Amino acid sequence: MSYRITVNGELHLVDASPDTPLLYVLRNDLGLNGPKFGCGLGQCGACAALVGGKLTRTCSIALRDVDNVTTLEGLGTVQKPHPLQRSFIDAQAAQCGYCSNGMIMAAKALLDRNPNPSEEEIRNALADQLCRCGVHNRVVHAVRRAAAELAR
Amino acid sequence: MTAKGLSRRRFTQTLGIVVASFALASRSAFSQTPGALPFSLRNNRKLEGWIRLEPDETVTIFTGKAELGQGILTALAQIAADELDVGLEKIRMVSADTSRGPDEQYTFGSQSIEQSGSAIRAASAEARGILLAASARRFGVRTEDLQVANGTVTSPDGRRATYWEIAKKDPNLLRGDVAATAAPKKPSDYSLVGKSVNRIDLPGKLTGAPSYVQDMRLPGMLFARVLRPPRYGAKLVSLDETAVRSLPGVVAVVRDGNFLAVAAKREEQAIAARDALASAAHWSDDAVPLLDMADLRGGLKKLRAETIVVGATGQSEPVADQAKRVSAEYTRSYLSHASIGPSCAVAWLKDGHITVWSHTQGVFPLRGDLAKALGMQNSQVDVVHMPGAGCYGHNGADDAALDAALVADAVPGTPVKLQWMRDDEFAWAPFGPGMAMGVEAGLASDGRIVDWSYDVWSNSHAMRPGQAGGVNLLAAWDLNTPFAKSPPPHIPQPFGDGDRNAVPSYELPRKEIRNHLLLDTPVRNGSFRTLGAHGNIFAIECFMDELADVAGIDALAFRLLHLRDPRARAVLQAAADKAGWTPGKRGDGRNGRGLAFCRYKSIGMYAAAVVDVEVDRKTGVIKVPRVVMAADIGLVVNPDGAKNQLEGGIVQAVSLTLKEQVTFDRREITSRDWSGYPILTFPEVPRVEVILMDRSEPSLGAGEGSLPPTSAALANAFAHATGRRLRELPMTPERVKASLS
């Protein structure tokens, strides 16, 4: 069965069962790499994307419940990174980078609703995004930098 | 801790003691002889195996080390660019690959800068020398009169030629063996080494460019999942595959002994098939008896052990007069790598040759074990490193590689991507072994340590693939014709295994250190960041504080009293100064500050940590507001990259110390997801301040040495705050509350 889904502003027809978790559609049907498989349980946040503007664990939401998705790729590119992506690069706010997708998407959701968050608000907004390499402080720093840049 | 008078007889060891054989493991990368050919060059002599000039005026640098998220490719590119006199943007790095790169064994032990960095520096200096000599011949001038900048050589009269033009005239120019006679640059002549350079791989990783093995897509590729037994020791009794095979998209069900896997056209189909397989499989009730978590230390000490004295000084001398004798015992839990992405591999069997893409730490050792398990020749197997999620040691990467290869073997000609599920990773990847430590010391009346006796009990932390005598890959033990596990190698001091850093760096006139290598393996053991150093430094540095207390000397002063090495003293002083260490200051029951020191592997980086804690006496939660570390890693290649590694190690160590333990009942691993194995989260992460000492001595790896002193300093801070000491890790709220009640 074909499903219509808008991802990063483009309409796609996807040939997948309606109960397919969104993550596999994004990665395997649409060839996107941003959202990562981390746990499949909605616990770690590596698969996060914005669905209808809301931060969503794509491993735990079915294709049929979804439209209008923004992934990491929808923010920017290597040539033209989003201010958040640029601030993550400038702050070297990654080690392995596997969780970075979720960090950036959660930060995007935060800045969309609160353009000038305090450090505590950033830490709380990212509390459910797991990082194992220990780059948390750099991520917080990067989000603050991006907020400042977006405010200009 | 018990402090005893002089009458206490010396602790006697009841287990049999074997004197260590210090013979190096045959293939070991454990030693580096100063002044000799860099370790990695010894078996990889061909210059073109390290450096190639490409037609597009770039330089390809081959390393046998792998990008694990530590930024090694960037640091190695800095070294090559500096030595060759070319811009960083002209360097292309090729990481570990059996089909086209040097064999540098494993990416482990914080040795990549020391080993691959030294080799690439020597090879680059040699290539530059050869290119300059050829230019001198071409221009009819002396080499020393040439100028070189960004790969272009200029003669005194202004004639120019690029490296690539020079090499084009003589294709054999860079095809000889590296003699390592060309003198590398002096550190004062570096322009890139020593500067913070942004990681070359991060822009892609942060924008969704395909970067990881998980991102690989090959034509017609199938998705695979593995189904492991419910517990160690369980055997597959029966399986009706019919229902699984008829599920949508399922292409293959692979069954060999206790090994089960499925391949399907779509990933979610493979996951559904794995679930169906789990329902259809019947397993025997067999189980490997696991230790009682309530008495981990007692359980560990009861396992069969081989005991080796790994360090002894002054044992033939009588013990000097002791005013006090003190002893204590410490325990560390089993630890999980807990990488955010489960292990993954891609395998493709084509015309009798299999290529496996893996986030392994050792492509060559893995190739050897894969070939054995698959019944193929090494020449029929290639392993190519692709990044995975963060790697902190011997995780499931190698196992997933064999899993993928076994599925690929069932569908020849078709590439297969196999990723573990979260519970596969938590239940089956090798764990950092649980450890028990016991230490006893005598203090003279002036407070100096005059006698030191130390024991550590743990399974081997070294069970990687590529070791002699078997195959160290999970599925290989489950096949219908199973392979034996390779026995652990003997890793001599100063590197050590469970005894890494068991020999203190302090000046001790009389000491004996015994390593009890546990031979029974209740849970699967392997290498986790720092091997035994984390547990040993936790014990040694906590005990130093306990001794300082008994001696009535400040913790910093007590350490300095027993340290002669100026670099060791310098990091302690620098960390204490930065943190604002106040000698003799008492904790107030809630707030405290602790200190610890470690010279990693006794020959590696120096680090001193000062950790602050706030203890909530009601909830038992320990908060860590601030960690200060001073680190001496010799010549720093990439200061920000090194800081990132040190900071990450500090945060990970706080997580290990406060939260982490693999849990099990007497039959099964029970920590199988993130709720069962919580790690530190954003609101709990301390502020971290790292001081890098300004040194010009040879570089020392920075990947691991920040963890051990952080854990110990945190425990010391708790004791400082509350006057109670926790000698068991992790320091969970339950343990905190119990110790305060």
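Which side chains meet in a salt bridge at 2.7 Å, N to O? In this predicted model, the partners in that salt bridge are the side chains of A:Arg138 and B:Glu647, and the views below move from this pair to the wider interface and then into chain A itself.

**View 1. The salt bridge of A:Arg138 and B:Glu647, set in the interface of chain A and chain B.** The side chain of A:Arg138 meets that of B:Glu647, with 2.7 Å from N to O. Across the interface of chain A and chain B, five salt bridges are found by the rule, together with 31 residue pairs in polar contact, where both residues are at pLDDT 80 or more.

**View 2. The side of chain A that touches chain B, shown by its elements.** Two or more residues of this side come from each of α1 (22-29), α2, α3 (83-90), α4 (100-113), α5 (119-125) and α6 (136-151) of chain A. Sorted by character, the residues on this side of chain A are 28 nonpolar, 19 polar and eight charged.

**View 3. The extent of the interface of chain A and chain B.** Here 55 residues of chain A are in contact with 63 residues of chain B. The two chains bury about 4,600 Å² between them, and carbon and sulfur atoms account for 55% of that area.

**View 4. The two domains of chain A.** Chain A is divided into domain 1, which covers residues 2-74, and domain 2, which covers residues 76-151. The centres of these two domains of chain A, taken over C-alpha atoms, are separated by 20 Å. Between them, 19 residues of domain 1 are in contact with 14 residues of domain 2.

**View 5. A:Leu50, A:Leu55 and A:Leu72 where domain 1 of chain A meets domain 2.** The area buried between domain 1 and domain 2 of chain A is about 1,200 Å², with 55% of it given by carbon and sulfur atoms. Of the area that domain 1 buries against domain 2, A:Leu50, A:Leu55 and A:Leu72 supply 38%, which is more than any other three residues.

**View 6. Polar contacts and elements between the domains of chain A.** The rule finds zero salt bridges across the interface of domain 1 and domain 2 of chain A, whereas six residue pairs, both residues at pLDDT 80 or more, are in polar contact there. On the side of domain 1 that touches domain 2, β3 (48-51), β4 (54-57) and α2 (72-75) of chain A each supply at least two residues. That side of domain 1 consists of 10 nonpolar, six polar and three charged residues.

Methods. Residues are numbered from 1 along each chain as its sequence is written. Chains are lettered from A and ligands numbered from 1 in the order in which they are written. This is a predicted model: local features need pLDDT of at least 70, side-chain atom pairs count only at pLDDT 80 or more; totals for chains, interfaces and linings use all residues. Side-chain values use heavy atoms; hydrogens and water are left out. Domain bounds come from an automatic or database domain assignment. Contact means heavy atoms within 4.5 Å. Buried area is the accessible area (1.4 Å probe) that two parts lose on being put together, summed over both. A salt bridge is a side-chain nitrogen of Lys or Arg within 4 Å of a carboxyl oxygen of Asp or Glu. A polar contact is a pair of N or O atoms within 3.5 Å; within protein, one must be able to donate a hydrogen and the other to accept it, and residues adjacent in sequence count only if both atoms are side-chain atoms. Helices (H or I, at least four residues) and strands (E, at least two) are DSSP runs, numbered from the N terminus. Ala, Val, Leu, Ile, Met, Phe, Trp, Tyr, Cys and Pro count as nonpolar, Asp, Glu, Lys and Arg as charged, and the others, Gly among them, as polar.
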